[in-house]
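Hi,

Here is the structure I said I'd pass along. Have a look, and my notes follow underneath.

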Amino acid sequence: MQSALRITTKVLPGNKIEIEIPEAEIGDSVDVFVILPEKSEPKYRSVLDIIEESRRRHPSRTAEDIDRQLDISRN
């Protein structure tokens with residue numbers, strides 16, 4: 001009979017999870033199913049959160065860099 005183990009864990013930075021399986025041995029193959037919780041209403045983010053996320057994703061550019069890029073695009 002196949003055994004199952006239910007583990008609840010938190011999502012870590014980088015959208016990663018970590019689990020420990022005390023019954024398993026190194027080299028064992030396991031199947032992992034991830035069930036996401038139902039979300040009743042959409043998550044609304046503040047404008048400041050959106051701006052901060054944008055700054056993290058895109059490196060800061062100076063006004064001169066932007067002007068130079070616009071000049072190149074126009075020519």
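Glutamate 52 sits in helix α1, which covers residues 47-57. This is a predicted model, by the way, so no experiment stands behind the coordinates. With a relative accessibility of 40%, glutamate 52 counts as partly exposed, because that class runs between the under 20% of buried and the over 50% of exposed. As for long-range context, isoleucine 17 is 35 residues away from glutamate 52 in sequence, and their C-alpha atoms are 24 Å apart in space.

Isoleucine 17 also turns up in a nonpolar surface patch, along with Leu5, Ile7, Val11, Ile19, Ile21, Val30, Val32, Val34 and Leu36. Together these residues have about 890 Å² of accessible area. Leucine 5, one of the patch members, lies in the segment before α1. Its relative accessible area is 45%, so leucine 5 is partly exposed too.

Now the whole chain. There are 2 helices and 0 strands. The radius of gyration is 23 Å, where a compact globule of 75 residues would come out near 11 Å. The C-alpha trace spans about 70 × 35 × 20 Å along the principal axes. Just 1% of the 75 residues count as buried.

On the surface side, the protein exposes about 8500 Å², with carbon and sulfur atoms supplying 52% of that. For your electrostatics: 12 side chains are positive and 15 negative, and the centres of the two sets are 8 Å apart.

Cheers

Methods: Residues numbered from 1 in each chain as written. Predicted model: local features only at pLDDT ≥ 70, side-chain atom pairs only at ≥ 80, totals over all residues. Heavy atoms only, no water. Helix = DSSP H or I, 4+ residues; strand = E, 2+ residues; numbered from the N terminus. Rg over C-alpha atoms; globule rule 2.2 N^0.38 Å. Buried < 20%, exposed > 50% of the residue type's maximum accessible area, 1.4 Å probe, protein only. Areas by Shrake-Rupley, 256 points an atom, 1.4 Å probe, with all protein chains shown as cover. Lys, Arg positive; Asp, Glu negative; His and termini not counted. Charge placed at Lys NZ, Arg CZ, Asp CG, Glu CD. Patch = residues over 30% accessible without salt bridge, like charges linked within 9 Å, V, L, I, M, F, W, Y side chains within 5 Å. Salt bridge = Lys/Arg side-chain N within 4 Å of Asp/Glu carboxyl O.
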